[in-house]
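Colleague: I'm new to this one and would like a close look at a single part, the open sheet. Could you walk me through how its strands are put together and what sits around them?

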Amino acid sequence: MRFFRRGGQPQDPEPGEQLAVEPEPIVEAAPAEAALAAHPDTDAVPETEDVIGDEWQAADPADTLAFEPSELALDLAEAPNVVLGGDGIIEPAPIIPTSEESAAAEPPAPGPAPAQGQWAWGADWSAEKADAARLEREHEQLEAGLEKTRSGFGARLRSAFGGIGTDADWDEVEETLITGDVGASLSMAIVERARKRRDMTVEEAVRAELEAILEGRGVEPWEPARAADGTPAILLVVGVNGTGKTTTIGKLAARERALGHRVVLAAADTFRAAAIEQLRIWAQRADAEIVAHAQNADPAAVVYDALDAAIARHADVLIADTAGRLHTKANLMDELSKIRRVIDKRVPGANVETFFVLDATTGQNGLAQAKAFHEAVTLTGVVLTKLDSTAKGGIVFAIEQDLGVPVRFVGVGEQADDILPFDPPGFVAAIFD
């Protein structure tokens, strides 16, 4: 047995020692009347000692404290069919009509017709509506991207058209065309043919001649065509460093992926520092696949392995990035021919597309570069970049006339979707209108 002392630690009794247990004093609780008499100014009863005996067993259950219902419980009791809205707000219960009432109900009045160019992507979706919406969006992007060309080259042309057709007026038109990167020889030919159109104004005659230059190339947008049976479409992208070649490849890959095509990129620009990493970043953005070798590897070997991978993976498009080079470097230009030979060896008779990336701000110098590339590897298309950064834009007509290669795409911004199929009528309209 252990003994406890009040205010101390438990201690064991010493042998032979007997402890006297003093009875605790009995304190009688004062009656309630005496407590109230002692404190007449307050309604509270002074604290007394807790009942620790058997009196709790005689407590009446009716004496337990009852909680009052909340306002929400009262509202629910009055209207049991209501539903709770946000933050416990009482809202009327919805009225659900029967099938007979629904059948007898009048059909709702038709709403206003959607605005032109806006489509409902619900049950009435169609491929035709999606294509129309895409073409409208691309037209708006082209107009926004040609704002500098319209306010520069186009504004100067419209100012020159103010004359009545005198020799001085035609000289001003010719000078404006030359300064707009159309080229001297082509500008003189345009003015000479336009002066023979006696039934038109100066503006109408020049516009008709410019439209005629672009009409011969057709207006159908470019679509990748398979190089051979069981192979993807093969696209080589060439150009000079700094023209936006690798960025253009990334935008083309993003465009084809948006159309549902499987794209493989070949990082064959193995000489420029960080070119492989830049293309790898674009491949991640466009959700495309990439085949790359180590730095300074053989570009032809990269293209060969990428073509093998594209065939094995049933890809739709293979886009190869080649090393940017100056058109005066014969050894680098010969390397492009080697890549073509490797492709022909892997896929005999393959139809290979070759796009040249031309910086619109370089003007006639860019046209000279394109001519040199066209002689080395036959070009099938031109991608005109940075068109939103130039106030000229006449280089388009020089490319079509002197090079004989159609402009396939134009770059009008830095975003992935800022590469647009070239629309000849829309381009001319964006300059004059």
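Modeller: Buried residues account for 37% of the 433 residues in the chain, and keep in mind that this is a predicted model. The chain has 15 helices and ten strands. If you take the contacts between residues at least 6 apart in sequence, 69% of them join residues at least 24 apart.

Now to the sheet itself. Eight strands form it, and it is an open one, with the order S5-S4-S6-S3-S7-S8-S9-S10 and mixed pairing. At the edges you'll find S5 and S10 (419–421), each of which pairs on one side only. On average, neighbouring strands here are turned by 25 degrees against each other, if you ignore direction.

Start at the S5 end. S4 (residues 263–268) and S5 (residues 289–292) run parallel and are paired over four bridges. To spot the pairing, look for alanine 267, whose bridge partner in S5 is alanine 292. Between those two strands comes helix H10 (residues 275–286), and S4, H10 and S5 together make a right-handed β-α-β unit.

Follow the chain on from S5 and you reach asparagine 296, in the loop between S5 and helix H11 (299–312). Its phi is near 65 degrees, a positive value in a residue other than glycine. That's worth a second look because most residues other than glycine have a negative phi. Asparagine 296 counts as exposed, at 55% relative accessibility.

Away from this sheet, there's another residue of that kind: aspartate 181, which isn't a glycine either, has a positive phi of about 75 degrees. You'll find aspartate 181 in the loop between helix H6 (167–179) and helix H7 (184–195). This aspartate is buried, with a relative accessible area of 10%.

Back to the sheet, and on to S3 (residues 233–239). S3 runs parallel to S7 (residues 352–359), and six bridges join the two. Leucine 236 is a handy marker, as its bridge partner in S7 is threonine 354. Just look at the loop between helix H8 (202–215) and S3, too: that's where aspartate 229 sits. Aspartate 229 is exposed, with a relative accessible area of 80%. Its C-alpha atom is 9.6 Å from that of valine 347, although the two residues are 118 apart along the chain.

Next come S8 (381–385) and S9 (407–411). Helix H14 (residues 395–403) lies across S7, S8 and S9, and runs at about 165 degrees to S8.

What about the packing? The largest nonpolar core has 52 residues, and the ones that touch the most other members are Val173, Leu384, Ile399, Val410 and Phe427. Apart from that core lies another, of 24 residues, including Val264, Ala320, Val347 and Ala350. To get a feel for the larger set, zoom in on valine 410: leaving out residues up to four places away in sequence, valine 410 touches Leu142, Leu384, Leu387, Asp418, Ile419, Leu420 and Phe422.

Finally, turn to the outside. The chain's accessible surface comes to about 25,700 Å², and 53% of that belongs to carbon and sulfur atoms.

Definitions and conventions. Residues numbered from 1 in each chain as written. Predicted model: local features only at pLDDT ≥ 70, side-chain atom pairs only at ≥ 80, totals over all residues. Heavy atoms only, no water. Buried < 20%, exposed > 50% of the residue type's maximum accessible area, 1.4 Å probe, protein only. Contact = heavy atoms within 4.5 Å. Areas by Shrake-Rupley, 256 points an atom, 1.4 Å probe, with all protein chains shown as cover. Core = buried A, V, L, I, M, F, W, Y, C linked by side-chain atoms within 4.5 Å. Pairing = 2+ DSSP bridges. Right-handed = clockwise from strand over helix to strand, strands pointing away. Axes fitted to C-alpha atoms, helices over the stretch in contact; angles between N-to-C directions.
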